[in-house]
Amino acid sequence: MIASLSRLLFVLFLITLPGFSGKDRPEPDFKIISFEEFERLTAKESEKLRIFNFWATWCAPCVREMPYFDHANKSNTDMELYFISMDDARRPERVSSFIEKRDIQSPVYLLNDVDFNSWIDKVNPDWTGAIPATLFVKADGSRHFHEGEMEEPELLKLIDQLK
Amino acid sequence: MKNFRTLSLFLFSIFLVSSLVLAQDKGYVVGDTAMGFDLQTVDGSQVSLDGLENNKGAIVIFSCNTCPYVQAYEDRMIDLHQRYAPKGYPVIAINSNDEQVSPGDSFDAMQQRAQEKDFPFAYAYDKSQEVIKTYGATRTPQVYLLEKQDDQYLVRYIGAIDNNYQDAASVSEPYLANAVDALLEGKEVTRKTSKAIGCSIKWSR
């Protein structure tokens, strides 16, 4: 009993080590999520600026702007980036091989809910549904939304403004 | 005093013009009168709203070759045309993507795709992007259902074809078919708009 408890404590200790958390993680997360899970993620309390970039592997403008987001995430400790994939959840391997090939460092979640009209307005009423699109959630919970491709200077300026 | 009046008139005209421009930027809303167009189609002919015969309206779909969502809907677009063209609502698919930005959406590529899929509907090229700018579509596929009234075309529905691009058999809300059925029965369209994830328009640079 004591042995298993101390093993548990040891594991807990390991998890709190810097190597196990945040940006030091060597492998990016990839998982398939529901819209409810996405909403919980955006509603979570955080002291950081959180950025949710909607994209897909086949979307050329999305793929063009991805490195700007990924680099900004690496160099900004006070932001957290999530790539939200609109790819077909029946073929998750397309996304996982893309992550590997392009060396994407930030977490990628595939949002699996094709009843688009039921949730697009909940992300932002101004969103027409075109991708790429990006939701910024500030530390105070307020939101900023951008539809369309972004150039790197434009993105960095916006991050600075919202931080 | 006179100067003041001229100035206010001037400012007011600027306000009017800019609000008109802004309104135009957003494109059509349901109830608006849709602009006619005259576009080249893949079979070499022209398609225009005025040129349609014995019709009650038109199903205008902003489309393209390259978007996976469009590709997922092509068979359904064929079915919709076959079902509704005889009842007065033909499908007109319009590709507005710039071929420099998206070479897979060139006129040649459109002709090839139309042949492969044997499109029974007009597949037209909006090379100048004038039509899509006026209508205000932002993604493909995006539908504008038009009803003809006294030689004018009124926008009755704007949005997606249905609510499941992956599987036609799993659709629980066939938005477009419901809207056309309502018009054919002389009723008001219940759901007048819907949103869907779609491919961005490849605007000319």
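Modeller: Before we begin with this predicted model, note that helices and strands are DSSP runs, of at least four residues for a helix and at least two for a strand.

Colleague: How many helices and strands does chain A have?
Modeller: Read from the N terminus on, the elements of chain A run α-β-α-β-α-β-α-β-α-β-β-β-α. Counted by kind, chain A has six helices and seven strands.

Colleague: Is A:Asp103 buried or exposed?
Modeller: A:Asp103 is found in the loop between helix H4 (92–102) and strand S4 (108–111) of chain A, and it has a positive phi of about 55° although it is not a glycine. A residue counts as exposed if 12 or fewer other C-beta atoms lie within 10 Å of its own. Because A:Asp103 has 9 other C-beta atoms within 10 Å, it is exposed.

Colleague: And B:Asp118, is that residue buried or exposed?
Modeller: B:Asp118 lies in the loop between helix H3 (107–117) and strand S5 (122–125) of chain B, and its phi is positive, about 55°, although it is not a glycine. Since B:Asp118 has 7 C-beta neighbours inside 10 Å, it counts as exposed.

Colleague: Which peptide bond, ending at A:Pro132, is cis?
Modeller: A:Pro132 sits in the loop between strand S5 (130–131) and strand S6 (133–137) of chain A. With omega near 5°, the cis bond is the one from A:Ile131 to A:Pro132.

Colleague: What is omega for the cis peptide bond from B:Thr140 to B:Pro141?
Modeller: B:Pro141 is placed in the loop between strand S6 (139–140) and strand S7 (142–149) of chain B. For the cis bond that runs from B:Thr140 to B:Pro141, omega is near -10°.

Conventions:
Residues numbered from 1 in each chain as written. Chains lettered and ligands numbered in written order. Predicted model: local features only at pLDDT ≥ 70, side-chain atom pairs only at ≥ 80, totals over all residues. Buried ≥ 20, exposed ≤ 12 C-beta atoms within 10 Å, placed from the backbone.
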